[in-house]
Amino acid sequence: MLTQLREIVEKVASAPTLLEALDLLVVSICDAMKTECCSVYIVDEQRQQYMLMATKGLTKPSYQVGLGFGEGLVGLVGRQAEPVNVADASQHPNFKHIPGTNEEYFRSFFGTPIIHQRKVLGVLVIQQREKREFTESEESFMVTLAAQLAVILAHAKAQGMWPDQRDGLHLTGSAASTGVAVAKAWWDDNQPRLEAVCPASCLDREAEQERLSIAIEMASNEFRRLRKRFDSELHKETLAIFDLFSHLLNDPMLRKDLFTKVSGGDQAEWAVRQTVEAYSGRFANMKDDYLRERAHDIRELGQRLLFFLHNEEGTEHQWEAPIVLLTRELTAAMLASIPRDKLAAVVAQEGAANSHAAILSRALGIPAIMGVDFVPEKVHNALVVVDGYRGDLLIEPNRQILAEYKRLLREENELTALVEQDLDKSAETADQERIYLFLNAGLSADTNIAVNKGVDGVGLYRTEVPFLLQRSFPSEEEQATQYRSILQSYPNKPVVMRTLDIGGDKPLPYLTIEEDNPFLGWRGIRFTLDHPEIFLIQVRAMLKASIGLDNMEILLPMISGISELDESKALIDRAFEEVSVYAAGKGQTLHRPRLGIMVEVPSILYQLPVLKGRIDFISVGSNDLTQYLLAVDRNNSRVANVYDTFHPAVMQALKHIQDVSESNAIPVSVCGELAGDPLGALLLVGMGYRSLSMNTRNVAKIKYVLRHTVLTDMEQLAASALSATFGHEVRQMATEFVEQRGMGGLIRAGKK
């Protein structure tokens, strides 16, 4: 049976069209199971029917046969989303005879749903003239086959082969940069691919090393040129993308590894592929979204080296009108190569929302979708709509859809102008309740951007990034220099620096950690307490950096119990005494920084009162808190749909944290993605939170929403949300709340 199963799936998967695949399927099943009839019904959402698409055994009339979602045994299978096995179908109360099919000759019936990601795509049916129930082994075969067919059918739907896709093709991906665009699509297939490079040797090693040296120099010049081009448009956080590329190209270890391969006889292209894949593999295995996406940046670097190994200069295209760029994998260099006024949006087959190319798209205000399974030949030169809020790509949409998106585009432009008006104002509600907004920072922080005029400081600075970009632990002085540059960027404003948050899910290149379950393993404060020498060096560096500035605060990650906090405090006290002596020797005074912990491990929720007197503030990491509360790895596609920041348990936990913190006079803020979501911000403020930390791109939206909503309305919304039973209820009531106030355009992202 397993051999037959595999043969059927392979045969169906290789068919050129959906109809041919289904015709092959029904014939193959009849042969394999020695049954007299097999049929496939496919969902047609527009007609709200299961359409008979292929059959062996039934007679297909001249008209299209369909059963309503609630009709017949097929409808019963789809409605219940489980198999139905009937010895005599005609006697079943749900049986519905379809005239002209000769179905009345078949008595036994077995139907199983074809389900992909909890959605019924169709129903697979076998029938026989004999009155009998199908055996357990037959049931098992059909259910297993249907599960494997689901993936094939889902792919066919993504390729526009579905029967209800008559008004243009509708594909979906991951929204990477919000916005709407309507323009002709243009497919760029000029970018080299690392995986296309095959093992190859060189005859002249010196000549090959010269080729590699020239390519590295050309790539370095390009990244410097791109950085200069965007210097007046982008803030330092985004420009650091090009600094990272330059840093990697000048890294002695990377160069040594590349040239060692060539010295050993490898062709330059093969040397690049081997070296880049080794480096990117370290980041690709990390669980953290942001850090895992650095693997894409390293691969981009390799692809640019491949490009310059074959091209002396880039190819420049000329476009009369803005285009939607279609590409296999979006790169920062690709974005920079197209004039901003000629780039309406980008759509990539690969990549994710945390890649540096996606970050650059957001900084430039270019709508972007990643992970779209499109066929280039079908999309190139077609009129498309890119919905960067929902992650939708619509190809040759009908006039009604086109008109609606053009209206949304006009509305979005008007809304953006309105939102930007509040950017330099302080954050407060419509009735003047002050809310404090902070930034989350990664590679760097900078004050030379408009958004900083109205933020209250940095709520989360991730100190681990410099550790991940080096070949060994950075020295105390190297860290102090890095931290001081951040602190100087925000004079008289607090900068919360989180201590090293690495471990099983974020291993350092020079410290391999392998665990079966890294999210529950050796990470965060657990790692640094086991390595007090690393912790002390970092804390001393932070304290040295703060001398004379006095705007640094320390945040401890992954605290699960009071003992971890007390141990950390003892080490911080020790570092403080040592740096105080250092400062005194220079005639300066070291002021003790405020100390806080991240609330992200559920166990600490029940020890919040004990924190009084031990810490100065609390920062809620809503991303990990949600993940741990719901026991779901949001990076795992099989359970990603379970991850819900609006889950009632998450809402109740957030309210509990705020209430207990307030009653114990412990200042509290939220620094996860929920704080930068307009819906989340309204709920959090309604619960009592007055401090939110978010990514740069969300500040203007959050200010606008808060300034146009009164506090009492937010409190009523939060109260309703806290009584909800389901996460979708919370999202729906918050969405309606915003739309009723004319701000629906700010919350399209992710609201399907």
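**Helix packing, buried positions and backbone outliers in a predicted model**

The buried residues of helix H19 are Ile-562, Glu-564, Leu-565, Ser-568, Leu-571, Ile-572, Ala-575, Phe-576, Val-579 and Ala-583, where buried denotes a relative accessible area under 20%, exposed over 50% and partly exposed in between, computed with a 1.4 Å probe on protein chains only. The model is a predicted one, in which local features need pLDDT of at least 70 and side-chain atom pairs count only at pLDDT 80 or more, while totals for chains, interfaces and linings use all residues. Residues are numbered from 1 along each chain as its sequence is written, and side-chain values use heavy atoms, with hydrogens and water left out.

Helices (H or I, at least four residues) and strands (E, at least two) are DSSP runs, numbered from the N terminus. The chain holds 25 helices and 22 strands. Of its 752 residues, 55% are buried. Among contacts (heavy atoms within 4.5 Å) with a separation of 6 or more, 67% involve residues 24 or more positions apart.

Helix H19 covers residues 562–585. Its buried residues pack against helix H17 (525–530), helix H18 (532–546), strand E18 (552–556) and strand E19 (595–599). The expected span of a helix is 1.5 Å times one less than its number of residues. For the 24 residues of H19 this gives 34 Å, which agrees with the 35 Å between the end C-alpha atoms. Just after H19, Gly-587 has a positive phi of about 75°. Helix H21 (residues 648–663) has 16 residues, an expected span of 22 Å and end C-alpha atoms 22 Å apart, so the two values agree. Buried positions in H21 are Pro-648, Val-650, Met-651, Ala-653, Leu-654, Ile-657, Gln-658, Val-660 and Ser-661. An α-helix has 3.6 residues a turn, so residues three or four places apart point the same way.

Helices H22 (residues 678–687) and H23 (residues 699–707) have axes that come within 10 Å and cross at roughly 50°; axes are lines fitted to C-alpha atoms, for helices over the stretch in contact, and angles run from 0 to 180 degrees between N-to-C directions. The pair is therefore oblique, given that angles under 35 degrees count as roughly parallel, over 145 as roughly antiparallel, 65 to 115 as roughly perpendicular and the rest as oblique. The crossing of H22 and H23 is right-handed, meaning that the near helix is turned clockwise from the far one by less than a right angle, an anticlockwise turn being left-handed. Pro-678, Ala-681, Leu-682 and Val-685 of H22 meet Ile-702, Val-705 and Leu-706 of H23.

Leu-682 is also touched by Phe-737, whose other contacts beyond four places in sequence are Thr-709, Asp-713, Met-714 and Leu-717. Phe-737 belongs to helix H25 (residues 727–740) and is buried, at 8% relative accessibility. The C-alpha atoms of Phe-737 and Leu-682 are 9.6 Å apart, with the two positions 55 residues apart in sequence numbering. Leu-439, in strand E15 (residues 436–441), is buried at 4% relative accessibility. Its C-alpha atom lies 9.6 Å from that of Arg-697, which is 258 residues away in sequence. Ser-361, in helix H12 (residues 356–364), has a relative accessible area of 0% and is therefore buried. Leaving aside residues up to four places away in sequence, Ser-361 touches Ser-177, Leu-330, Leu-335, Val-346, Ile-366 and Ala-368.

Most residues other than glycine have a negative phi. Asn-381 has a positive phi near 75° and is located in the loop between helix H13 (376–379) and strand E13 (383–387). With a relative accessible area of 49%, Asn-381 is partly exposed. Asn-492 has a positive phi of about 65° and is placed in the loop between helix H16 (476–489) and strand E17 (495–498). Asn-492 is exposed, at 79% relative accessible area. Ala-665, which follows H21, has a positive phi near 55°.

The structure contains zero disulfides, a disulfide being a pair of cysteine sulfur atoms within 2.5 Å. For Cys-38, the nearest cysteine sulfur is that of Cys-30, 5.1 Å away. Cys-38 is buried, at 0% relative accessibility, whereas Cys-198 is exposed, with a relative accessible area of 53%.
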